[in-house]
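I am opening a notebook on a structure that is new to me, and I mean to write down what I look up in the order in which I look it up.

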Amino acid sequence: MDLGIAGKRALVCASSKGLGRGCAEALAEAGVDLVMNARGAEALEATAAEIRARHRVNVTTVAADITTEAGRAAVLAKGPFDILVTNAGGPPPGMWSDWGREDFLKALDANMLTPIALMQAVLPGMMAQGWGRVVNITSVSVKSPVAVLGLSNSARAGLTGFVAGTSRQVAGKGVTINNLLPGIHATDRAIALDSAVVKARGISMEQAIEERSATIPAGRYGTPAEFGAACAFLCSQHAGFIVGQNILLDGGATNATL
Ligand code: NAP
C-alpha cells in the first residue's frame, strides 16, 4: 500500500533503538525524511546511516535528552514537521511505597510533559498547513495497569487524557493525534524488565522470557518492525479519520472485549 507520505518530514524522538527506531524505519520506507533523536550519539549515528543507505531519505540527527528543555529546543530547531512521533525511555519498575515526589516528577516530565510540550510546539504549524500526524508511544499500562510500573501507569494516563481532548480540537484542521500502546516487544527495554525479574526470582533469562511469552496469546514478543508499520499507517494519508484513539499492540495480552 502506498502510504502517500513520501517527501513529508517527521520528527521521531528516542529512535536510535527499539520501538522508536521501528517507527523511523517504517516512515523512511514510506519515503519520509527524518529528524531522529536519542541521547547516545554513537548508536544514533549508526542507525541513521543504516536508514539513509537502505531507504535513500534525508536523515538529520540530534543527540539530546528529549526530556529536557534544551533537548527539545535542539530537535524542534530542525523543524517544521509534518509528522511527530513522541517517545522517551520508560520509568523504572518498583514498589508503590518507594516512590517519592522526585520520582513522580521525573516520570511525568519524561512520559507526559515532554510529549505535551512537543505537541504544543508542532501543532500550530501543522494546523496552519492543514495537515499533520502525531503518534505518541505510550504503553499497554494505560489500558491495563502493570503493577510494578506505577510511575509509567500514572504519567501515561495523564498524557492519554490530554490527547483525548486535544485530538478533537485539532482534527478539523487535518491534524490527527493518536496513541500507540505497546505490550511486550523485543527491545532493550523488555530485556531490562526481564533482567529485573531474573534478579528478583533467581530464574534464567530464558525462563523469564518463556513465562512472559506464555502470557501473550500470540505466544511471543512483538517486534519493532511490526510496531513501526502500525505507526507509519497512522501517519499515512489513509488514517485521516482515526482521531484520538489508543491502539493496543500486545498480541492479545490484554483480555478485554473492547
Ligand atoms: P528501548 O529499546 O530502551 O529504546 C529506547 C530508545 O529511546 C533508545 O534509542 C534510547 O537511546 C532512546 N531514549 C531513551 N530515553 C531518551 C531520552 N530521554 N531522550 C532521547 N532519547 C531517549 O525502549 P523501547 O522498548 O523501544 O520503549 C520505548 C517506549 O515504549 C518506552 O517509553 C517504554 O517504556 C515503552 N514501552 C515499551 C514496551 C516494550 O515491551 N518494549 C512495552 C510498553 C511500553 P539513548 O539511550 O541513547 O537515549
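**Entry 1: the ligand.** I began with the polar contacts of the ligand, and noted that one of its oxygen atoms is 2.8 Å from a polar backbone atom of Gly40. I keep in mind throughout that this is a predicted model. An oxygen atom of the ligand also lies 2.6 Å from a polar backbone atom of Ala88, while a nitrogen atom of the ligand is 2.8 Å from an N or O atom in the side chain of Asp65. I then looked up how much of the ligand is covered: taken alone it exposes 880 Å², and the protein buries 89% of that.

Next I asked which residues surround the ligand most closely. The shell holds 28 residues, and the closest are Ser16, Leu19, Arg39, Ala88 and Thr187. Sorted by class, the shell has 13 polar, 9 nonpolar and 6 charged residues. At least two shell residues come from each of helix H1 (18-29), strand E2 (33-38) and helix H6 (188-201).

**Entry 2: helix H3.** I turned to helix H3, residues 69-76, and found that its buried residues are Gly71, Arg72 and Val75. They lie on the same side of H3, because the arc they cover around the axis is only 95°. The face turned away from that buried side carries Glu69 and Ala70, which are exposed. I also looked up what the buried residues of H3 pack against, and the partners are strand E1 (9-12), E2, strand E3 (59-63) and helix H4 (101-129).

**Entry 3: Leu108 and Ser152.** In helix H4 I picked out Leu108, which counts as partly exposed because its relative accessibility is 27%. Leaving aside residues up to four places away in sequence, Leu108 touches Leu113, Thr114 and Ala155. Leu108 and Leu151 are 43 residues apart in sequence, yet 8.1 Å separates them in space, C-alpha to C-alpha.

Is Ser152, which I looked up next, buried or exposed? Ser152 has its place in helix H5, residues 150-170, and it counts as buried because its relative accessible area is 2%, where the cut-off is under 20%. Among residues more than four places away in sequence, Ser152 touches Pro91, Ser139, Ser141 and Ala157.

**Entry 4: the start of the chain.** Met1 lies in the segment before E1, and I noted it as exposed, with a relative accessible area of 78%. Met1 and His238 are 237 residues apart in sequence, but their C-alpha atoms are 9.9 Å apart in space. Not counting residues up to four places away in sequence, Met1 touches both Phe233 and His238.

**Entry 5: backbone details in the loops.** I finished with the backbone, where the peptide bond from Gly79 to Pro80 is cis, with omega near 5°. Pro80 is found in the loop between H3 and strand E4 (83-86). Ala14, in the loop between E1 and H1, has a phi near 50°, a positive value in a residue other than glycine. Arg56, for its part, lies in the loop between helix H2 (41-55) and E3, and its phi, near 55°, is likewise positive in a residue other than glycine. Arg56 is exposed, with a relative accessible area of 73%.

Definitions and conventions:
Residues are numbered from 1 along each chain as its sequence is written. This is a predicted model: local features need pLDDT of at least 70, side-chain atom pairs count only at pLDDT 80 or more; totals for chains, interfaces and linings use all residues. Side-chain values use heavy atoms; hydrogens and water are left out. A residue is near a molecule or strand if one of its heavy atoms lies within 4 Å of it. A polar contact is a pair of N or O atoms within 3.5 Å; within protein, one must be able to donate a hydrogen and the other to accept it, and residues adjacent in sequence count only if both atoms are side-chain atoms. Accessible areas come from the Shrake-Rupley method with a 1.4 Å probe; for residues, only the protein chains shown count as cover. Helices (H or I, at least four residues) and strands (E, at least two) are DSSP runs, numbered from the N terminus. Ala, Val, Leu, Ile, Met, Phe, Trp, Tyr, Cys and Pro count as nonpolar, Asp, Glu, Lys and Arg as charged, and the others, Gly among them, as polar. Buried means under 20% relative accessible area, exposed over 50%, partly exposed in between (1.4 Å probe, protein chains only). Contact means heavy atoms within 4.5 Å. The arc is that of the directions from the helix axis to the C-beta atoms.
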